[in-house]
Amino acid sequence: MGEMVTWTDAEVIAAFPNASVDQDNVAHYRGRLTHKLLVHCCRECGWWHEPPRPVCAKCWSDRVEAREVRGSGRIALLTVLRVGSPASGVDYDAGYPLAAVELVEQAGLRFTAGVVGDPAGVRIGTKVELIWIERDGKPVPAFQQADDEG
Ligand SMILES: [Zn+2]
């Protein structure tokens with residue numbers, strides 16, 4: 001393991017005043033503070049689920065934990081935002097793609113975030129990778145087209 005993360009729940013909640021941080025997703029938001037994308041995974045059966053819930057969707061175990069994902073995947077659904085709160089690298093005038101990305105960890109496991117960079121080549125099926133941008137001075141997960149996209 002790397003360095004220990006020391007933020008308390010209260011500190012994580014205070015760090016994201018515009019998010020609905022609760023008991024289920026506080027671990028995810030704590031991960032954001034160290035640029036780790038954490039998704040809930042079942043310790044009994046290994047099933048990933050997003051958004052985070054206190055019980056496994058597959059085997060109903062409550063032994064779920066937030067684990068880091070690679071952040072690689074392909075765009076499964078795509079919406080283009082024209083308005084939103086300011087963030088680094090985001091140009092709403094050009095249209096900011098919001099994508100549900102199917103992560104490589106599991107078929108059907110999707111994490112929704114913005115896609116930065118030139119929106120021209122962004123479409124369903126585009127291979128993307130995780131990057132971090134800042135909004136209100138706090139890390140926000142986003143995706144960009146993967147380098148090895150042919
Ligand atoms: Zn399970």
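This passage describes the zinc site and the aromatic contacts of a predicted model.

The zinc ion is bound by four cysteine sulfur atoms: the SG atoms of C42, C45, C56 and C59 lie 2.3 Å from the metal. The angles subtended by the 4 donor atoms range from 105 to 115°, and the arrangement is therefore tetrahedral. For four tetrahedral donors, the ideal angle at a metal is 109.5 degrees. Along the sequence, the donor residues follow the spacing C-x2-C-x10-C-x2-C. Within this set, C45 is located in the loop between β1 (38-42) and β2 (48-49), whereas C59 is located in the loop between β2 and β3 (64-68); the pair therefore ties together parts that are 14 residues apart in sequence. C45 is partly exposed, with a relative accessible area of 39%, and C59 is likewise partly exposed, at 34% relative accessibility.

A charge-to-ring contact involves K58, which is positioned over the face of W47 at 4.1 Å from the ring centre.

In the whole structure, 2 aromatic pairs were found. In the pair formed by F16 and Y29, the ring centres are 5.0 Å apart and the planes meet at 55°, a tilted geometry. This pair links distant parts of the chain, 13 residues apart: F16 belongs to the loop between α1 (9-15) and α2 (26-32), and Y29 to helix α2. F16 is buried, with a relative accessibility of 8%, and Y29 is buried at 12%. Y92 and Y96 also form an aromatic pair, with an edge-to-face geometry, a centre-to-centre distance of 5.8 Å and an angle of 85° between the planes. Both Y92 and Y96 are buried.

Key:
Residues are numbered from 1 along each chain as its sequence is written. This is a predicted model: local features need pLDDT of at least 70, side-chain atom pairs count only at pLDDT 80 or more; totals for chains, interfaces and linings use all residues. Side-chain values use heavy atoms; hydrogens and water are left out. Donors are N, O and S atoms within 2.8 Å of the metal (3.2 Å for Na, K and Ca); water is not among the atoms, so sites may look incomplete. Four donors count as tetrahedral if all angles lie between 85 and 135 degrees; four count as square planar and six as octahedral if opposite donors are over 155 degrees apart and all others between 65 and 115; anything else is irregular. Helices (H or I, at least four residues) and strands (E, at least two) are DSSP runs, numbered from the N terminus. Buried means under 20% relative accessible area, exposed over 50%, partly exposed in between (1.4 Å probe, protein chains only). Rings of Phe, Tyr and Trp (its six-membered ring) pair if their centres lie within 6.5 Å; planes under 30 degrees apart count as stacked, over 60 as edge-to-face and the rest as tilted. A charge sits over a ring if NZ of Lys or CZ of Arg is within 6 Å of the ring centre and within 35 degrees of the ring normal.
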